[in-house]
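Open the model in your viewer and keep the selection tool handy. We will go stop by stop, picking a few residues each time and looking at what is there.

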Amino acid sequence: KIAGGEKAEVIVSEIARAPDRGAFLEIGTYMGYSALRLALAQPHRRIVSLEVDPRHSLVAQYLTMYAGRGHQIEIWTGHSQDLLDRLPGGSLQS
């Protein structure tokens, strides 16, 4: 579940290929490691990360705040089928 090793390399390489504007949507936060990797690689971009388990969501929220990225990363708690409709204007445009 943690984006280390080979998975982290994939994330970093795909970030470089992503469009240079807009926000990132992550479905499945776990502890927030991937969201933090995104935030550090793209400090001007907003990240919305969805997590169904409230315990994982809370840990991820604390970790993103501790890392100084609470202003950039939003951790939403709940099932994606319920949360996706809450995106502003149905999109992630920042």
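In which strand is Leu25 found? Select residues 24–27: this is strand E1, and Leu25 is found in it. A word before we go on: what you have open is a predicted model.

**First stop: a nonpolar patch**

Keep Leu25 selected and add Ile27 and Leu84. These three residues form a nonpolar patch on the surface, and together they have about 240 Å² of accessible area. Leu25 has a relative accessibility of 34%, so it counts as partly exposed.

**Second stop: a backbone angle**

Now move to Tyr30, which sits in the loop between E1 and helix H2 (33–41). If you display backbone torsions, look at phi: for Tyr30 it is near 55°, a positive value in a residue other than glycine. Is Tyr30 buried, partly exposed or exposed? With 24% relative accessibility, Tyr30 counts as partly exposed.

**Third stop: the salt bridges**

How many salt bridges does the structure hold? There are three, and we can visit each in turn.

Begin with helix H1, residues 5–17, and show the side chains of Glu14 and Arg17, both of which lie in this helix. They are three residues apart, about one turn of the helix. The two form a salt bridge whose closest N and O atoms are 3.5 Å apart. Arg17 is exposed, at a relative accessible area of 65%, whereas Glu14 is partly exposed at 39%.

Next, select Glu74 and Arg46. Here the closest N and O atoms of the salt bridge are 2.9 Å apart. Glu74 belongs to strand E3 (residues 73–77) and Arg46 to the loop between H2 and strand E2 (47–51), so this pair ties together parts that are 28 residues apart in sequence. Switch on a surface to compare the two partners: Arg46 counts as buried at 18% relative accessibility, because buried means under 20%. Glu74, with a relative accessible area of 30%, is partly exposed.

Finish with Asp53 and Arg55. What is the distance between the closest N and O atoms of their salt bridge? Draw the line between them and you should read 3.0 Å. The partners sit in opposite classes: Asp53 is buried, with a relative accessible area of 15%, while Arg55 counts as exposed at 61% relative accessibility.

Technical notes:
Residues numbered from 1 in each chain as written. Predicted model: local features only at pLDDT ≥ 70, side-chain atom pairs only at ≥ 80, totals over all residues. Heavy atoms only, no water. Patch = residues over 30% accessible without salt bridge, like charges linked within 9 Å, V, L, I, M, F, W, Y side chains within 5 Å. Areas by Shrake-Rupley, 256 points an atom, 1.4 Å probe, with all protein chains shown as cover. Salt bridge = Lys/Arg side-chain N within 4 Å of Asp/Glu carboxyl O. Helix = DSSP H or I, 4+ residues; strand = E, 2+ residues; numbered from the N terminus. Buried < 20%, exposed > 50% of the residue type's maximum accessible area, 1.4 Å probe, protein only.
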